[in-house]
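Grab a coffee and open the viewer. Below are a few short exercises to work through, each with a solution.

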Amino acid sequence: MDVGVFFQRKPKKMDFHQTPRSHDVVSPQKAYKNKDDEGLDLHNHGTLHKGIKRYDLKSFWELPDHMKDNEFILNYYRVCWPLKEALFSIFRWHNETLNVWTHLIGFLLFLGLTMANIMQVPQIADLLCLFTRSILTSAEANFSHNSEELFLGTRELVDLKLITSSKTITPPVTTVTRWPFFVFLGGSMFCLLSSSICHLFSCHSRTLNIFLLRIDYVGITTMIITSFFPPIYYIFLCDSHWQYIYLGGITAMGMFTILTLLSPSLSTGKFRAFRALLFSSMGFFGMIPAVHGTIVNWTNPKRNTLLAYECSMALFYLVGTGFYVSRIPERFKPGWFDLAGHSHQIFHVFVVLGALAHYGATLVFLEYRDHVGC
């Protein structure tokens, strides 16, 4: 009898548990609640139904090896997120949010500058150029507000009354070519956009992570290479052989850097300092044509303005690289700067500032060559 009672009660218990399960089909969240509480995180691997629950952020210790790049950033990581979720995470707070937005805003800024110059909208170009003019350290700069001929490069950035020479500068019949200027703008936009895409989607998978990191490094190298085109081309406009030597040299160095960084092993955090050395070496190569160009154009009335812009650019890039390599300030307070204020975000800001300073210098080059020609 006891055995019979046992078997009679067992179905009742089964029925009791099965009854609510039949109703839970309408609400899948309840079916997975216990599993989520146990930390199985099935949704991170795509096994949950679409739209059931937001994807969780992980700690550094939960990351796969290929994502362990900065041990001082402890939390708020995205791991194995689908592409759609990664895309919409641009509007969600995590430790890559500001990395994405700092360079995305920079990309949109340079896109606006490019379109303003192509479509001859000097009002927009003037407005955006106000920011680059603020970096000048020379007190002798006296800027004009005549923006009607910006696209032709005839807008005055320096008061020509400061020129002590008795010779007057007359406008040329034709303006100097603009293609080196747009090469620089294109390289800057490619770098900034590829960086934003890398930081946004590298959480998807190991394969995509490695691929996007390579594209990011290619973008940085491209920006460095194209930054040399305007100053070298316009400084040595009358000595074309120096154009070929310097532009050919920096392009060759850039190609070598790209081929080197395409190695998967060099994309890891272990070679952070080596990557910074490669990028810095390209920058230091630019000191050779910079010194040469300064000597050749020593009598240029805009020399001080150009030097102010270019020295500001170099300072921004060097300071930014210093933050990138040293991982300051998160090194001193791990976990404090996970969301905002860590070294990579600061590095991004200095990259944009350096590019804007170089943009300002390029406008001065164009203005001067439009007036004096070769």
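The exercises below deal with a predicted model.

**Exercise 1. Work out which residues the UniProt "binding site" annotation covers, and how far they spread in space.**

Solution. Start with the record: the unreviewed UniProt entry puts "binding site" on His-199, His-344 and His-348. Next, look at the spacing: they are spread over 150 residues of sequence, yet they cluster in space, with a largest C-alpha distance of 11.6 Å.

**Exercise 2. Decide whether His-199 is buried or exposed, then find its polar partner.**

Solution. First locate His-199, which sits in helix α6. Its relative accessibility is 8%, and the cut-off for buried is under 20%, so His-199 counts as buried. Now check its contacts beyond four places in sequence: among them are Arg-78, Asn-99, His-344 and His-348. Finally, the His-199 side chain makes a polar contact with the side chain of Glu-96, at 2.8 Å.

**Exercise 3. Do the same for His-348: buried or exposed, and which polar partner?**

Solution. His-348 belongs to helix α12. With a relative accessible area of 1%, His-348 is buried. Leaving out neighbours within four places in sequence, His-348 touches Asn-99, Thr-102, His-103, Ser-195 and His-199. Its side chain makes a polar contact with the Thr-102 side chain, at 3.1 Å.

**Exercise 4. Find which helix gives the largest share of the largest nonpolar core.**

Solution. This core has 63 residues, and Phe-110, Phe-181, Tyr-234 and Tyr-359 touch the most other members. Helices giving two or more residues include α4, α6, α7 and α12. The largest share, 13 residues, comes from α7.

Definitions and conventions: Residues are numbered from 1 along each chain as its sequence is written. This is a predicted model: local features need pLDDT of at least 70, side-chain atom pairs count only at pLDDT 80 or more; totals for chains, interfaces and linings use all residues. Side-chain values use heavy atoms; hydrogens and water are left out. A nonpolar core is a set of buried Ala, Val, Leu, Ile, Met, Phe, Trp, Tyr and Cys residues joined through side-chain atoms within 4.5 Å. Buried means under 20% relative accessible area, exposed over 50%, partly exposed in between (1.4 Å probe, protein chains only). Helices (H or I, at least four residues) and strands (E, at least two) are DSSP runs, numbered from the N terminus. UniProt positions are given in the numbering used here, feature names are shortened, and annotations may be inferred rather than shown by experiment. Contact means heavy atoms within 4.5 Å. A polar contact is a pair of N or O atoms within 3.5 Å; within protein, one must be able to donate a hydrogen and the other to accept it, and residues adjacent in sequence count only if both atoms are side-chain atoms.
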